[in-house]
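Visitor: Could you walk me through this fold and explain how its descriptions are earned?
Guide: Gladly; let us look at it together.

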Amino acid sequence: MKIALVTGAYKGLGLEWCKQLSNIGYTVILTARDIEKAKEAALIMDPTLTKVIPKALEVTDEHQIRELVDWVNLTFGKLDVLINNAGINSGTRAKGDKELAQKNLSLEILDATEVLNMFHINAIAPVLVAKYFKGVLAKAEIPKIINIGSWLGSISIKTTGGNYSYAVSKSALNMMTRALAFDLVKENIITVVVNPGWVQTDMGGGKAALTTEQSVKGLLENVLHKITLQDNGKFLQWDGSEHTW
Ligand SMILES: NC(=O)c1ccc[n+]([C@@H]2O[C@H](COP(=O)([O-])OP(=O)(O)OC[C@H]3O[C@@H](n4cnc5c(N)ncnc54)[C@H](OP(=O)(O)O)[C@@H]3O)[C@@H](O)[C@H]2O)c1
């Protein structure tokens, strides 16, 4: 039995990861900061809540991460796959408050607290989650960590100003992944960062090019199923090709 844990998973790409992993036989730990939202989402996939298991996780809460590690250790004794999916951008952070969004986007009113908050959730939290789950991941046969990055984190393709908080946090996630990959390879854990494409979610909006189903199907077939230790530390596209840094 393979076990996967997905962060930020009650909606959007995280929810789709849970659906597709569950459909191919994984036992999935569906986490969200609001346990009620996690339960509601898990119940739709698994009324017994034994194959899709809801758990509370605010990814910046190290105490909560450690409690979850203990529970996974006691319950399953291993973790095969960690999907570090939880993330925010200026739009999801601001929830309609245009000035708050601009504090993340625009040089004129850029706000350090806002930048640091996004940095914490998008770049630091995935590494902390990996840090605490390292031991239980190392007990799986071929453990894998997939960090959900973005093409907006690619420095070489950025040709416009603005969007500081999000772009910088995802660039940092690329470097965090690289460092993590070289540390965790000692435990035979394969770690990559991926661009899911532009996807129809609350973050991506309705006009995005891909459905969540298409993006996650691509990531499952071309990344999760195919990566080996040779791919450790790579920045990959949802179609499995390498992304420019
Ligand atoms: N959609 C795209 O086009 C696109 C493109 C490139 C990369 N991505 C990345 O894909 C990932 C998923 O995004 P999405 O498009 O599915 O967006 P989404 O629908 O807004 O989902 C984001 C999820 O992350 C959760 N989250 C945010 N902060 C959290 C925290 N501190 N602790 C725990 N959970 C937290 C949210 O929960 P709450 O509702 O509780 O905040 C939500 O469940 C993100 O990392 C995003 O940056 C998306």
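**Reading the fold**

Guide: A good place to start is Leu5, which stands opposite Ile29 of strand β2. Please keep in mind that this is a predicted model.

Visitor: What makes strand β1 and strand β2 a pair?
Guide: Two strands count as paired when there are at least two bridges between them. Strand β1 (residues 3-6) and strand β2 (residues 27-32) have four bridges, in the parallel sense, so they satisfy that cut-off.

Visitor: Which strand order does the sheet have?
Guide: The order is β3-β2-β1-β4-β5-β6-β7, in an open sheet of seven strands with parallel pairing. From one strand to the next, the twist averages 25°.

Visitor: Why is one side of β3 and of β7 left without a neighbour in the sheet?
Guide: Because β3 (52-56) and β7 (235-237) each have a single partner strand, they stand at the edges, and one side of each has no neighbour in the sheet.

Visitor: What lies across β5, β6 and β7?
Guide: That is helix α7 (residues 164-184), which lies across β5 (144-148), β6 (190-195) and β7. Its angle to β6 is about 165°. Angles over 145 degrees count as roughly antiparallel, so α7 and β6 earn that description.

Visitor: Why are α6 and α7 called roughly parallel?
Guide: They pack at an angle of about 20°, with their axes 8 Å apart. Roughly parallel requires an angle under 35 degrees, and α6 and α7 therefore qualify. Their crossing is right-handed.

Visitor: Which residues of α6 and α7 meet?
Guide: Among them are Met118, Phe119, Ala123 and Val127 in α6, and Val168, Ala172, Leu173 and Met176 in α7. By class, this contact has 15 nonpolar, three polar and three charged residues.

Visitor: How do you know that α3 and α6 are roughly parallel to each other?
Guide: Helix α3 (residues 62-75) and helix α6 (residues 112-137) pack at about 20°, with their axes 10 Å apart. That angle falls under the cut-off of 35 degrees, so α3 and α6 are roughly parallel. Here, too, α3 passes α6 in a right-handed crossing. The contact involves residues including Ile65, Val69 and Val72 of α3, and Leu128, Tyr132 and Phe133 of α6. Its residues divide into eight nonpolar, one polar and two charged.

Visitor: Why are α1 and α8 called oblique?
Guide: α1 and helix α8 (residues 212-224) pack at about 55°, with their axes 9 Å apart. Roughly parallel needs an angle under 35 degrees, and roughly perpendicular runs from 65 to 115. The angle of about 55° meets neither condition, so α1 and α8 are oblique to each other. α1 passes α8 in a right-handed crossing. The contact includes Leu13, Glu16 and Trp17 of α1, with Val216, Lys217 and Leu220 of α8. By class, four residues are nonpolar, four polar and three charged.

Visitor: Which helix gives the most to the shell around the ligand?
Guide: Helix α1 (residues 12-23) does, with three residues.

Visitor: Which residues come nearest to the ligand?
Guide: Gly8, Gly12, Gly87, Thr201 and Gly204 come nearest, out of the 30 residues around the ligand. By class, the shell has 14 nonpolar, 11 polar and five charged residues. Gly12 also takes part in the contact of α1 with α8.

Notes. Residues are numbered from 1 along each chain as its sequence is written. This is a predicted model: local features need pLDDT of at least 70, side-chain atom pairs count only at pLDDT 80 or more; totals for chains, interfaces and linings use all residues. A residue is near a molecule or strand if its C-beta atom, placed from the backbone, lies within 6 Å of it. Helices (H or I, at least four residues) and strands (E, at least two) are DSSP runs, numbered from the N terminus. Ala, Val, Leu, Ile, Met, Phe, Trp, Tyr, Cys and Pro count as nonpolar, Asp, Glu, Lys and Arg as charged, and the others, Gly among them, as polar. Axes are lines fitted to C-alpha atoms, for helices over the stretch in contact, and angles run from 0 to 180 degrees between N-to-C directions. A crossing is left-handed if the near helix is turned anticlockwise from the far one by less than a right angle, and right-handed if clockwise. Two residues are in contact if their C-beta atoms, placed from the backbone, lie within 7 Å.
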